Amino acid sequence: MLDDRTLAGPSPTPWPAAYPQGYAVVDVETTGLARDDRIISAAVYRLDARGEIEDHWYTLVNPERDPGPVWIHGLTSELLEGAPLFADIADEFASRLAGRVLVAHNAVFDWQMIAREYARARREAPVRQRLCTIALAKELGLPLPNHKLESLAAHFGVVQRRAHHALDDARVLAEAFRPSLRAAAAGGVRLPLLECRPLTEWSDRPVPRQQSGGYGGYRQSGWRPSRKRPACPYPNPGRYEEGKRLKQGMRVAFSGDTSVERELLEDRATEAGLHVATSLSRLTSLLVTNDPDSGTTKAVKARQYGTPVVDEAAFGQLLRDVEPADGEQ
C-alpha cells in the first residue's frame, strides 16, 4: 500500500457554494465486468473542495480466483497470491471514500464493482454521490475525439505512464479532473452528480484460478471463454423511449469507441436480457454510441430510421434497472 501527501496552494477561482466539499478520484482494476467478477487493485486520490490533491493510496487485492485478462492489467495469480483480501482493506478503502464524491471515468462501473465488494463483506461503501468524468466532459463541451481516458488526458496535457494500472489511471484522472472542476466552477456549470445506492445483485460463482500455461479459461481474443452468445429468449418489445426503462428483449446495437471494452459492454447487455445486434435495422430498439454525429453506418442508419440513441454512460445507468419481459418475474 502507498500513502503520499502533496501540498498545493488554494485555487483563486470563485467557487459555487453548492459544490461538494471533497472528492475521491478512484480507479479499480478487475477480473472482468460480470456480477461475479472481482477487484484486483484499487487506487484513490483524495482531493479537497477545490480539487487540490491531498493524498493518494493504492493496494493490490487478492480476488481468490482467476485474475482475468493478465495481458491487459499485468496482475498474475502469483502477484496477487500474497495480497490482502478485500475484507482486509475495506476499512482503509472506506476511510478514503467517506464524506466525498466518488469520481471515476465511466463511474457507474467503478461504483458497481466497489458496491458489490462491500456487499460481499456484508457492509456498505460510505459513498452517497458519484461523478462521471465522461458526463462532466460533455457538460463542459470539451472537444474530445472520443470518451476514452487517454483522450481526456491528452486534452489537458496529462502524460499516461502505465495504462490499466490503477494508481497511474487514478493519477491521470485526478490531474484531468482538476482543470475540469475549475472550468465548471468558473462557468457556473452544474456538476452531473448521481446518487449511489448500495447494490445487492452480486454473485460468487466459482471461477478457477490461473493454471500453468493458460489463463483459467480466458483467452487473449476476449475476456470470456467463447464469444458466441445464445439467442435472446425474449421477444422484441419495440423501441426504447427516453425517460423509461430498458426492457428485456430490446435489440441494442453499439457503434464507435467506448471507454469500456466493447465485448464487455455487449456481455453486460446480454446478461441483462437484451438482444445484442451486430447491425442496425428498423427493428433496433436502441443505439449506444459516444459520437452520434459520426459517419459510421450504424449512426447514419439510426438517423434515417429515427432509432433512439444514448451514450455509454447513460446506457450503463439504464442497465442497472432493466424491466423484465412480459410474463417474467
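This passage walks through the strands, cores and buried charged residues of a predicted model.

Confidence comes first. The protein chain has a mean pLDDT of 86, and 86% of its residues reach 70 or more. Two stretches call for some care. Over residues 4-9 pLDDT stays under 50, and the model has 10 contacts beyond four places in sequence for them. Residues 209-227 also stay under 50, with 53 contacts beyond four places in sequence in the model. Where pLDDT is low, the predicted coordinates should not be read in detail.

A good place to begin the tour is strand β3 (39-48), which pairs with β2 and with β4. Nine bridges join β3 to β2 (22-30), and the two strands run antiparallel. Within this pair, Val-28 stands opposite Ala-42 of β3. The pairing of β3 with β4 is likewise antiparallel and spans seven bridges; here Ala-43 has Tyr-58 of β4 as its bridge partner. Four residues separate β3 from β4 in a hairpin, and Gly-51 in the turn adopts a positive phi of about 85 degrees. Strand β3 is mostly covered, with nine of its 10 residues buried.

These strands also contribute to the largest nonpolar core, which holds 33 residues. The members that touch the most others are Tyr-19, Tyr-23, Val-25, Tyr-45, Leu-47, Phe-177 and Leu-191. Two or more residues come from each of β2, β3, β4 (53-60), β5 (101-104), α5 (133-140), α6 (149-155) and α7 (166-187). Helix α7 gives the largest share, 11 residues. A second, separate core has 31 residues, among them Ile-39, Leu-102, Met-113 and Leu-264.

Val-25 offers a closer view of the packing in the largest core. Leaving aside neighbours within four places in sequence, Val-25 is in contact with Ala-43, Val-44, Tyr-45, Leu-47, Val-103, Ala-170, Leu-173, Ala-174 and Phe-177.

Two acidic residues deserve a look of their own. Asp-37 lies in the loop between β2 and β3. Its relative accessibility is 3%, so Asp-37 counts as buried. The side chain of Asp-37 makes a polar contact with the side chain of Arg-65, at 3.0 Å. Glu-117 is found in helix α4 (residues 107-120), and Glu-117 counts as buried because its relative accessibility is 2%. Beyond four places in sequence, Glu-117 is in contact with Arg-38, Ile-39 and Phe-86. Although 80 residues separate Glu-117 and Asp-37 in sequence, their C-alpha atoms are 9.5 Å apart in space.

Further along the chain, four strands form an open, parallel sheet in the order β9-β8-β10-β11. Strands β9 (275-276) and β11 (309-310) stand at the edges with a single partner strand each, so one side of each has no neighbour in the sheet. The parallel pairing of β11 with β10 (residues 286-289) rests on two bridges, and Leu-287 has Val-309 in β11 as its bridge partner. Helix α8 (residues 262-271) lies across β8 (251-255) and β9, and runs at about 170 degrees to β8. Leu-264, one of the residues of the second core, falls within the span of α8.

Definitions and conventions:
Residues numbered from 1 in each chain as written. Heavy atoms only, no water. Pairing = 2+ DSSP bridges. Contact = heavy atoms within 4.5 Å. Axes fitted to C-alpha atoms, helices over the stretch in contact; angles between N-to-C directions. Buried < 20%, exposed > 50% of the residue type's maximum accessible area, 1.4 Å probe, protein only. Polar contact = N/O pair within 3.5 Å; in protein donor to acceptor, adjacent residues only side chain to side chain. Core = buried A, V, L, I, M, F, W, Y, C linked by side-chain atoms within 4.5 Å. pLDDT = per-residue confidence, 0-100.
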